[in-house]
Amino acid sequence: MCLFFTSIQMYFVISNILHGVSWFVFPSLMVVCNDMAAYGWGRWRGRTPLFRLSPNKTLEGFIGAVVMTMISGFLMKDDPYHGVILALYASCVAPFGGFLASAIKRASHIKDFDQFFPGHGGMTDRMDCQLFMPALTFVYRHYLSY
């Protein structure tokens, strides 16, 4: 798993960048947008836990994030079709990167990655949502978008 998330993911990142920086930047922005929207909607309306492994994530936050990310994808991309598709990918994939990181943290008996990388827990916790997006962007760009 470590080899996949370090070496093979970098192949996808580099390939996406070589086909245009927007194939890297836009999906990354959609994941950040999704993460922020999920947090905001979850704090505002969240009542129903989404997944036992990550008790602070809520169904209301997930649904609100999907809607907000889709709107952002539509408004931010020159080609709204690609924007909406990548936003939908980000909305579905980003939480599972967070769930994987939560599973690793729970297995290691730590609250956040700040204990692994002192002073950078917030940043690494934000980046866990990016785990799967480069591979899915590569697949979409390479096989489905043309």
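## Leu 50 and strand β1

Let's start with one residue and its surroundings: setting aside neighbours within four places in sequence, Leu 50 touches Lys 57, Thr 58, Leu 59, Phe 62 and Phe 99. Leu 50 belongs to strand β1, which covers residues 49-51. Is Leu 50 buried or partly exposed? With a relative accessible area of 29%, Leu 50 is partly exposed, because buried would require a value under 20%. Glu 60 lies ten residues away from Leu 50 along the chain, and the C-alpha atoms of these two residues are 8.4 Å apart.

## The model as a whole

Before going further, please keep in mind that this is a predicted model. The protein chain has a mean pLDDT of 85, with 86% of its residues at 70 or more. Which elements mark the two ends of the confidence range? Helix α3 (residues 59-76) has the highest mean pLDDT among the elements, 95, while helix α5 (residues 121-127) has the lowest, 63. If you plan to work with α5, that mean of 63 is the value to have in mind.

Six helices and two strands make up the secondary structure of the protein chain. Read from the N terminus, the order of the elements is α-α-β-β-α-α-α-α. Of the 146 residues in the protein chain, 38% are buried. Among contacts in the protein chain with a separation of 6 or more, 67% join residues that are 24 or more positions apart.

## How α4 meets α6

Next comes a pair of helices. Two packed helices are described by the angle between their axes and the distance between those axes. For helix α4 (residues 80-108) and helix α6 (residues 133-144), the angle is about 145° and the axes are 10 Å apart. The crossing of α4 past α6 is right-handed.

Which residues of the two helices meet? From α4 come Tyr 81, His 82, Ile 85, Leu 86, Tyr 89, Ala 90 and Val 93, and from α6 come Met 133, Leu 136, Thr 137, Tyr 140 and Leu 144. Sorted by class, this contact between α4 and α6 has ten nonpolar residues, two polar ones and no charged ones.

## Thr 137 in α6

Thr 137, a residue of helix α6, is one of those in the contact with α4. Its relative accessible area is 1%, so Thr 137 counts as buried. Leaving out neighbours within four places in sequence, the contacts of Thr 137 are Asn 16, Trp 23, Pro 27 and Leu 86. Leu 86 is also among the α4 residues that meet α6.

## Two buried residues in α2 and α3

Asn 34 sits in helix α2, which spans residues 22-45. Because its relative accessible area is 3%, Asn 34 is buried. Beyond neighbours within four places in sequence, Asn 34 contacts Ala 65, Val 66, Thr 69, Ala 90, Ser 91, Ala 94 and Pro 95.

Gly 61 is part of helix α3. Gly 61 has a relative accessibility of 3%, so this glycine counts as buried. Ala 37, Ala 38, Trp 41 and Gly 42 are its contacts once neighbours within four places in sequence are set aside. How far apart are the C-alpha atoms of Gly 61 and Gly 42? They are separated by 3.9 Å, although the two glycines are 19 residues apart along the chain.

## The cysteines

A last stop is the cysteines Cys 33 and Cys 92. Cys 33 counts as buried because its relative accessibility is 18%, under the 20% limit. Cys 92, at 38% relative accessibility, counts as partly exposed. How many disulfides does the structure hold? It holds zero.

Definitions and conventions. Residues are numbered from 1 along each chain as its sequence is written. This is a predicted model: local features need pLDDT of at least 70, side-chain atom pairs count only at pLDDT 80 or more; totals for chains, interfaces and linings use all residues. Side-chain values use heavy atoms; hydrogens and water are left out. pLDDT is the predictor's confidence in each residue, from 0 to 100. Helices (H or I, at least four residues) and strands (E, at least two) are DSSP runs, numbered from the N terminus. Axes are lines fitted to C-alpha atoms, for helices over the stretch in contact, and angles run from 0 to 180 degrees between N-to-C directions. A crossing is left-handed if the near helix is turned anticlockwise from the far one by less than a right angle, and right-handed if clockwise. Contact means heavy atoms within 4.5 Å. Ala, Val, Leu, Ile, Met, Phe, Trp, Tyr, Cys and Pro count as nonpolar, Asp, Glu, Lys and Arg as charged, and the others, Gly among them, as polar. A disulfide is a pair of cysteine sulfur atoms within 2.5 Å. Buried means under 20% relative accessible area, exposed over 50%, partly exposed in between (1.4 Å probe, protein chains only).
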